[in-house]
Amino acid sequence: MKKRQTNKEQKAVILLSGGMDSATTLAVAGAEGFECHALTIDYGQRARAELKAARRTAAARKVKRHVVLKVDLRAFGGSALTDNIEVPSAEESSGIPATYVPARNTVLLSLALSWAEALGAYDVFIGVNAIDYSGYPDCRPEFVMEFEKLANVATREGVSGRKFRIHAPLLRLTKSEIVRLGVSLGVDYALTLSCYNPKLDGRPCGRCASCALREKGFSEAGTDDPLTKRK
Ligand code: ZN
C-alpha cells in the first residue's frame, strides 16, 4: 500500500488490543500516512499477556504515543473474558459466544473518540472484522457506521464541521486476507497474541475460537504463524 501523502501529519487514534487484527490495522493506518497514536484498554481481560503484546507491537511500529488505559469491566462481568465463566472451545462456541463482552466496542470506541477529539485527530481505527469472526454484534458494518454518525453528533469538533471517520479496514476481509495484508505491511505477528485464554507462560491455548480463527487465517494464507512456530 502506498503512502497517501494527503494524510501526512494527520493524527489518528488506533485501538490496539495485542491481537493480530489490531496490529494489522495499526500497520494500515501507518501505511496511509497517519501519525499513529495507539490506545490499549486494560478492561481486566483474562488474557493479561495481550497487554504485553500490545506494548510490543506499539514499540515495533514506533507509534507516536501508546496509552494503556485501565477501565476495569470486571466490575460488571457478564463475559468469559471478564468474569468467572469458562472460555468455550472453538467447537462449543455457537450463536453469540460467552466471550462476548457486553458493549465492549462501544466502550472502546468512545474512549478512542475522546482521545481523538482531545488530540485534534479526526480518524479512529478499529480492527473489527465481520467475515471470519465470532458473531459479535459490535463487529458488524452497521455498528461501525452508526458509531461514526454518533461521533459526529456527540462532539464539539463533529458539530463544528470537521467530520470524524471511523476506519475499519479489515471489516470485509477474510482472516487469510488479513494475514496477507499484514505480511505485505511488515507486521511481525510473532509479537501479537490472539488467544482468549493463554497459558501461564503467555502462549496460546490452541483450542479457543480466537486461536482457531487465527490458525485458519495463517493456513489459508499459506504462511506459518510465527507465534506457534516459536519454541
Ligand atoms: Zn486460545
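## Exercises on a predicted fold with a zinc site

The largest nonpolar core holds 42 residues, and Leu-39 and Leu-109 have the most contacts inside it. Such a core is a set of buried Ala, Val, Leu, Ile, Met, Phe, Trp, Tyr and Cys residues joined through side-chain atoms within 4.5 Å; buried means under 20% relative accessible area, exposed over 50%, and partly exposed in between (1.4 Å probe, protein chains only). The model is predicted, so local features need pLDDT of at least 70 and side-chain atom pairs count only at pLDDT 80 or more, whereas totals for chains, interfaces and linings use all residues. Residues are numbered from 1 along each chain as its sequence is written, and side-chain values use heavy atoms, with hydrogens and water left out.

**Exercise 1.** Determine which elements give two or more residues to the largest core.

*Solution.* Helices (H or I, at least four residues) and strands (E, at least two) are DSSP runs, numbered from the N terminus. The contributing elements are E1, E2, helix H2 (49-60), helix H3 (104-119), helix H4 (141-154) and helix H7 (209-221). H3 supplies the largest share, seven residues. A second, separate core of 14 residues includes Met-20, Ala-27, Ile-178 and Phe-218. Next, take Leu-109: not counting residues up to four places away in sequence, Leu-109 touches Leu-15, Val-124, Ile-126, Phe-143, Phe-147 and Ile-166, where contact means heavy atoms within 4.5 Å.

**Exercise 2.** Derive the strand order of the open sheet and identify the strands at its edges.

*Solution.* Two strands pair if DSSP finds at least two bridges between them. The five strands follow the order E3-E2-E1-E4-E5, with parallel pairing. Strand E3 (65-70) and strand E5 (165-167) each have a single partner strand, so one side of each is left without a neighbour in the sheet. From one strand to the next, the twist averages 25°. Axes are lines fitted to C-alpha atoms, for helices over the stretch in contact, and angles run from 0 to 180 degrees between N-to-C directions.

Now consider one pair. Strand E1 (residues 11-15) and strand E2 (residues 35-42) run parallel and are joined by five bridges. Ala-12 has Cys-36 in E2 as its bridge partner, and Val-13 stands opposite His-37 in E2. Helix H1 (residues 20-31) packs on the sheet, touching E1, E2 and strand E4 (123-125), and its direction makes about 170° with that of E1. In E2, seven of the eight residues are buried.

**Exercise 3.** Establish which residues coordinate the zinc ion and classify the arrangement of the donors.

*Solution.* Donors are N, O and S atoms within 2.8 Å of the metal (3.2 Å for Na, K and Ca); water is not among the atoms, so sites may look incomplete. The SG atoms of Cys-195, Cys-205, Cys-208 and Cys-211 coordinate the zinc ion at 2.3 to 2.4 Å. Four donors count as tetrahedral if all angles lie between 85 and 135 degrees. Here the angles are 100 to 118°, and therefore the arrangement is tetrahedral. Along the chain, the donors follow the spacing C-x9-C-x2-C-x2-C. Cys-195 and Cys-208 both lie in the loop between H6 and H7, so the pair ties together parts that are 13 residues apart in sequence. Cys-208 counts as buried because its relative accessibility is 1%.

**Exercise 4.** Locate Lys-62 and state its phi.

*Solution.* Lys-62 is found in the loop between H2 and E3. Although Lys-62 is not a glycine, its phi is positive, about 50°. With a relative accessible area of 72%, Lys-62 is exposed.

Note on methods:
Four donors count as tetrahedral if all angles lie between 85 and 135 degrees; four count as square planar and six as octahedral if opposite donors are over 155 degrees apart and all others between 65 and 115; anything else is irregular.
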